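Visitor: Please show me the model. I want to ask why certain labels are used.

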Amino acid sequence: MFAEQLINGITLGSIYAIVALGYTLVFGVLDIINMAHGEIFMFGAFVGMLIATKAQAPLWSAFLGAIAVTGAMGYLLERFALRPLRGRPGASHLASLISTIGVSILLENVAHKIFGAGNQLFETPFAEIRFDVGPVTVYLVQVLILAISILLMAGLSLWLYRTRAGKALRATAENLETAGLLGVDTTRIITATVVIASAMGGVAGVLVGMAFNYINNQIGLSMGLKGLAIIIFGGMGSVSGAMAGGLILGLSETFVVAYGSSGYRDAIAFIAIIVVLLIKPQGLFGQAAPEAQR
Amino acid sequence: MPFDWLNPYHLQVASFIFINILLGASIYVTLSTGQLSLGNAGFMSIGAYASAILTTRHGIPIPIGVLTGALLAGISGVLVGIPALRLRGVYLAIATLGFGEVIRVVFVNWESLTGGAVGIAAIPQMGRETLAALEKAGFSAASVGLRNNQFISLTVFLLLFAAALLSILFFLRLSSSRIGRAYAAIRMDEAAAEAAGIDTTYYKVLAFCQGALLSGFAGALFAHATSYISPADFTYHRAVEILVFAVFGGSEHLLGPVFGGIFLTLLPEALRFISDYRYIIYGALLVAMMIYRPQGVIDPPLIRRLAGRRAAEGAGR
């Protein structure tokens, strides 16, 4: 059914978009690919599961719990794995890449230790509530996921483009040193960015749990890879690119699975970026980077 | 038996060290032109699958299978390297990582050729094949005081040792040749290198091809050392592991990835007694390493210091 697949695709795509936003914020400010983002996202999903399913607490508390835990993880990541590398002579961009990879290996195995390797059920009390709009069936969960994603994206855009702090963040992204000279507390902005990006990952984790009803310690990896593909596809550091890229990927995956072969589902993201990069190396929404940029 | 201390398991770990050295070197070669390729797990799988299919299904001898696998990987390196010229930095890294993932998904889905997710089993094992050939000539492992499984593991160990040693020597020589100097010039400043008359396109694609060839070679050897491969051997984790060998060991000198391959293969084994926590420690160690020594353990000053001390000792004698 076309309309239902469309809704499925948009739901999935909006989750992808939120994950990709986490990457793009950090990249925009720090020029770093945060390879630990997928694992932080996964912890959000697990915390949500513990609160919503194990403790049977209301869903909003699951979101709050996930945001608190992943936000704190973002702070620790910035404080102990990124900040010590900053401004060090001899620390190439490879160093921060490896450092975040180290954090991701650590987190993946901590999750394995705590939660085990198998699938964990993520139940929500209203998982079966659905409406029939004409011939189309819409689940309440899908509406919720979409509403939360749109709220989150709108909130982020407002914050980025309408507030002082958002302006400071954009200035820092533009040029760290100049922003610092002009009186922006760049250390605080960087910390805030990593914390916000991680908390968004945490929200996305709970949304994934709601959408798929199960989670395991591998979702961080697969979601992380897709998030990476999306930011390349949409253009590094581009907020609108991450949103559009997420939606496009969600829709194309859903339709390929529905009308084609499910086996190639996980390759779509990368086939798309390889094609896009060959045609437009800076991504769909990216601005042409100056040659000197690595 | 006189060689009871020769433990096949230890030999196997040691054999994996050599494969990992080859893999670490493979990413180093491309990196020495300033291109970060994360596609080496993909090239490795091309080499491994090509050799495994040729030897297992078509009865081709192992050496020819390995060479064909490495060559095929090298050719795919050229095919990836040419469009990759347009990309740099993280874009190149993620696109090549994507290449590896696409290859893996193709291997999972192309069941008639690759056996799908199950993979290919009963690949001729180089040690066992050597023993079988020697036994035909009237040799037996017992005649040199070894059990059969000891002899097999020892053969694998020695063959891989030779493969790694020869490859490393080759690339060490290369680094002080015309090609190696061109690579270094491109890494330092591509525009200046081009202005100095270096054909940067040619050398960048050549480096890509060499890196792919080397990882395909390592992959083919891996297939004939373990005699079983599946797409799970060539995932994102493998790509990251290869990168870590080079960056942890040191990405500014070829001996860096060699050290990284040795150390990081042994580390999880040494931490086996705290098996549940070893990868947590491994991850934490990577972070600490990047904070305190971001250029990796081995860097050119360290090598000069070690070499200088040796030279001084030689002079004092």
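Guide: What follows takes a few labels and sets each against its cut-off. This is a predicted model, where local features need pLDDT of at least 70, side-chain atom pairs count only at pLDDT 80 or more, and totals for chains, interfaces and linings use all residues. Residues are numbered from 1 along each chain as its sequence is written, chains are lettered from A and ligands numbered from 1 in the order written, and side-chain values use heavy atoms, without hydrogens and water.

Visitor: Why is Ser227(B) called buried?
Guide: Its relative accessible area is 14%. Buried means under 20%, exposed over 50%, partly exposed in between (1.4 Å probe, protein chains only). So Ser227(B) is buried.

Visitor: What makes Gln56(A) exposed?
Guide: Its relative accessible area is 62%. That value is over 50%, so the label is exposed.

Visitor: Why is Val143(A) called partly exposed?
Guide: Its value is 39%. That lies between the two cut-offs, so partly exposed is the label.

Visitor: What is unusual in the phi of Gln56(A)?
Guide: Phi of Gln56(A) is positive, about 55°, although the residue is not a glycine. Most residues other than glycine have a negative phi. Ser227(B) also has a positive phi, near 60°.

Visitor: Where do these two residues sit?
Guide: Gln56(A) is in the loop between α2 and α3 of chain A. Ser227(B) is in the loop between α10 and α11 of chain B. Helices here are DSSP runs (H or I, at least four residues), numbered from the N terminus.
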